[in-house]
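Biologist: Hi, I'm new to this one. Could you walk me through it?
Modeller: Sure, have a look at it and then ask away.

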Amino acid sequence: MLRVQIIPVTHYQQNCSLVWCEQSREAALVDPGGEAQKLIDAVERSGLRLTKVLLTHGHMDHVGAATEVARAFEVPIIGPHKEELFWLGMLDQQAQMMGFEPCEAVHPDQWLADGDTVTLGQHQLQVRHCPGHTPGHVVFVDCAAKIAFVGDVLFKGSVGRTDFPRGDQAQLVQAITTKLWPLGDDIQFVPGHGPVSTFGAERASNPFVADKNFG
């Protein structure tokens, strides 16, 4: 079984996910956006063995604690896609714009590309490059466990903003409908903010990407 604990962080209430393989007790933190000590304490209390930090994209509220957490546990930072150099190189500007304290620079140990796989214990997380909100945004999907970590691509009843530099609404909608929907209606997803939902529920009622919008 793949287990998940959602830990909201920062004034943006970003959903950082502590994800682990129940059999091996190997864990990853997906999008540690801030409050590093809170996340470090949560991992230590869990008794899990953290082996990696996973990033969906380069916005401050998703990466702000990545370097500090990775250093605390001596683990690599994996992801996002290399196109996120655009945002990772602007963390100082992002902090000012979003009301965050400056954070340490984030230098991923491994970039990800569409079709890559990340191993977590006995589980395989498939990588889907889903640009539109940001150019190098990726989504992590465990098809066997029927769960996805979608960052700010998709939300319950909405989709990610595309009014930032290098955002593209058409590209985002195409990524969702061509790369996520085929994975199955029964996939539950953890968004970057707000409540979880399923791909099927969003196909039925999400005003931006519901099936009825496409004939």
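**Chat about the fold**

Modeller: Let's start with a helix: on the other side of H1, away from its buried residues, Glu44 and Arg45 are exposed. Exposed means over 50% relative accessible area, buried means under 20%, and partly exposed is in between, with a 1.4 Å probe and protein chains only.

Biologist: Before we go on, what kind of model is this?
Modeller: This is a predicted model, where local features need pLDDT of at least 70, side-chain atom pairs count only at pLDDT 80 or more, and totals for chains, interfaces and linings use all residues. Residues are numbered from 1 along each chain as its sequence is written, and side-chain values use heavy atoms, with hydrogens and water left out.

Biologist: OK, back to H1. Which residues are buried there?
Modeller: H1 covers residues 36-46, and Ala36, Leu39, Ile40, Ala42 and Val43 are buried in it. They sit on the same side of H1, because they cover an arc of only 160 degrees around the axis. The arc is that of the directions from the helix axis to the C-beta atoms.

Biologist: What do the buried residues of H1 pack against?
Modeller: They pack against four strands, E1 (2-9), E2 (14-21), E3 (26-30) and E4 (49-54), and against helix H3 (66-73). Contact here means heavy atoms within 4.5 Å.

Biologist: And what comes just after H1?
Modeller: Gly47, which takes a positive phi of about 75 degrees.

Biologist: Let me zoom out. How many helices and strands does the chain have?
Modeller: Seven helices and 13 strands. Those are DSSP runs numbered from the N terminus: helices are H or I with at least four residues, strands are E with at least two.

Biologist: How compact is the chain?
Modeller: It is as compact as a globular protein of that length, because the radius of gyration is 16 Å, close to the 17 Å that the globule rule gives for 215 residues. The radius is taken over C-alpha atoms, and the rule is 2.2 Å times the number of residues to the power 0.38. Along its principal axes, the C-alpha trace spans about 50 × 40 × 30 Å.

Biologist: What share of the residues is buried?
Modeller: 55% of the 215 residues count as buried. As for contacts between residues at least 6 apart in sequence, 60% join residues at least 24 apart.

Biologist: How many charged side chains are there?
Modeller: The chain has 16 positive and 25 negative side chains, and the centres of the two sets lie 6 Å apart. Lys and Arg count as positive, Asp and Glu as negative, while His and the chain ends are not counted. Each charge is placed at NZ of Lys, CZ of Arg, CG of Asp or CD of Glu.

Biologist: New topic: H5. Which residues are buried there?
Modeller: In H5 (residues 91-98), Leu91, Gln94, Ala95 and Met98 are buried. Their arc around the axis is only 105 degrees, so they are on the same side of H5. Asp92, Gln96 and Met97 are exposed on the other side.

Biologist: What do the buried ones in H5 pack against?
Modeller: Helix H2 (60-63) and H4. Just after H5, Gly99 has a positive phi of about 80 degrees.

Biologist: Now the loops. Where is Glu84, and is it buried or exposed?
Modeller: Glu84 is in the loop between E5 and H4, and it is buried, with a relative accessible area of 0%.

Biologist: What does Glu84 touch?
Modeller: Not counting residues up to four places away in sequence, Glu84 touches His57, Gly58, Thr134, Pro135, Gly136 and His137.

Biologist: Tell me about Thr134 then.
Modeller: Thr134 is in the loop between strand E7 (123-129) and strand E8 (138-142). It counts as buried, at 0% relative accessibility. Leaving aside its neighbours within four places in sequence, Thr134 is in contact with His57, His59, Glu84 and Trp87.

Biologist: Where is there a cis peptide bond?
Modeller: Between Gly79 and Pro80, with omega about 0 degrees. Pro80 lies in the loop between strand E5 (77-78) and helix H4 (85-88).

Biologist: Last one: which residue in the loop between E1 and E2 should I look at?
Modeller: Try Thr10, which is found in that loop. Its phi is near 65 degrees, a positive value in a residue other than glycine, and Thr10 is buried, with a relative accessible area of 11%. Glu35 also has a positive phi, about 50 degrees, although it is not a glycine. Glu35 is in the loop between E3 and H1 and counts as partly exposed, at 40% relative accessibility.
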